[in-house]
Amino acid sequence: MATLWRLSALCGSREGRALFLRTPVVRPALVSAFLQDRPAQGWCGTQHIHLSPSHCSGSKAASLHWTGERVVSVLLLGLIPAAYLNPCSAMDYSLVATLTLHSHWGIGQVVTDYVHGDAVQKAAKTGLLVLSAFTFAGLCYFNYHDVGICKAVEALTF
């Protein structure tokens with residue numbers, strides 16, 4: 001583990017020089033208290049690091065979600081060239097499902113990170129769910145009633 005140094009400027013100064021602390025290495029207990037928003041003995045700065053919600057801690061849901069996001073991303077890396085080389089309805093619907101899921105998860109992370117307030121965040125996530133459902137339905141409609149995504153992209157490139 002890399003050595004973490006405390007910034008002595010946070011704790012004050014003496015005679016124009018920074019006051020160096022007796023222990024230059026931050027102990028694991030201080031790091032743990034810092035990450036949990038609890039004051040630690042000997043700490044004099046403010047702490048504003050927020051971890052994930054406590055209802056998700058200790059469960060495998062976050063880990064499985066992260067793994068699912070990576071699987072869909074890697075699947076898209078292979079699916080896009082395969083759809084270009086072999087345009088068919090199976091590829092069209094596979095692209096619809098993976099692109100919609102990939103964009104839903106990505107925009108969901110933006111909502112989680114940048115929308116604050118319980119009511120506003122709930123409304124934004126509901127709007128995202130509606131948008132993703134309409135996107136999925138619209139792309140399925142386009143595949144069924146028109147040429148499909150693969151042929152449409154091919155028509156745009158040539």
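The protein chain exposes about 12000 Å² of accessible area, of which carbon and sulfur atoms supply 66%; areas were computed by the Shrake-Rupley method with a 1.4 Å probe, and for residues only the protein chains shown count as cover. The structure is a predicted model, in which local features need pLDDT of at least 70 and side-chain atom pairs count only at pLDDT 80 or more, whereas totals for chains, interfaces and linings use all residues. Residues are numbered from 1 along each chain as its sequence is written, and side-chain values use heavy atoms, with hydrogens and water left out.

The secondary structure of the protein chain comprises 5 helices and 2 strands. Helices (H or I, at least four residues) and strands (E, at least two) are DSSP runs, numbered from the N terminus. Read from the N terminus, the elements follow the order β-β-α-α-α-α-α. Of the 158 residues in the chain, 18% count as buried, where buried denotes under 20% relative accessible area, exposed over 50%, and partly exposed the range in between (1.4 Å probe, protein chains only). Among contacts between residues at least 6 apart in sequence, 44% join residues at least 24 apart; a contact is defined by heavy atoms within 4.5 Å.

Helix α5 spans residues 149-157, and Ile149, Cys150 and Ala152 are buried within this helix. Viewed down the axis of α5, the buried residues fall within an arc of 165°, so they line one face of the helix; the arc is that of the directions from the helix axis to the C-beta atoms. The cover over these buried residues includes α2 (61-85), α3 (89-114) and α4 (118-145). In general, an α-helix has 3.6 residues a turn, so residues three or four places apart point the same way.

Helix α3 contains threonine 100, a buried residue with a relative accessible area of 8%. When residues up to four places away in sequence are not counted, threonine 100 touches Leu95, Ser132, Thr135, Phe136 and Leu139. Histidine 102 is also placed in helix α3 and, at 36% relative accessibility, counts as partly exposed. The contacts of histidine 102, again not counting residues up to four places away in sequence, are with Val72, Ser73 and Leu76. An unreviewed UniProt entry carries the annotation "binding site" for His102. In that database, Tyr114 is likewise covered by a "binding site" annotation from an unreviewed entry. UniProt positions are given in the numbering used here, feature names are shortened, and annotations may be inferred rather than shown by experiment. Tyrosine 114 is located in helix α3 and counts as exposed, with 64% relative accessibility.

Two residues of helix α4 illustrate its spatial relations. Cysteine 140 lies in this helix and is buried, with a relative accessible area of 18%. Cysteine 140 touches Tyr93 and Val96, residues up to four places away in sequence not being counted. The C-alpha atoms of cysteine 140 and aspartate 92 are separated by 8.5 Å, although the two residues are 48 residues apart along the chain. Lysine 122 is likewise found in helix α4 but is exposed, with a relative accessible area of 62%. From C-alpha to C-alpha, lysine 122 and threonine 112 are 9.8 Å apart in space, at a sequence separation of 10 residues.

With respect to charged side chains, the structure holds 1 salt bridge, defined as a side-chain nitrogen of Lys or Arg within 4 Å of a carboxyl oxygen of Asp or Glu. The pairing joins the side chains of arginine 70 and glutamate 69, at 3.5 Å from N to O. Arginine 70 is partly exposed, with a relative accessible area of 37%, whereas glutamate 69 is buried at 13%. In general, side chains of opposite charge can pair when their charged atoms come close.

On the surface, Tyr84, Leu85 and Phe158 make a nonpolar patch of about 440 Å². Patches consist of residues with over 30% relative accessible area and no salt bridge, with like charges joined within 9 Å and nonpolar side chains (Val, Leu, Ile, Met, Phe, Trp, Tyr) within 5 Å. Of the patch residues, tyrosine 84 is situated in helix α2 and is partly exposed, with a relative accessible area of 49%.
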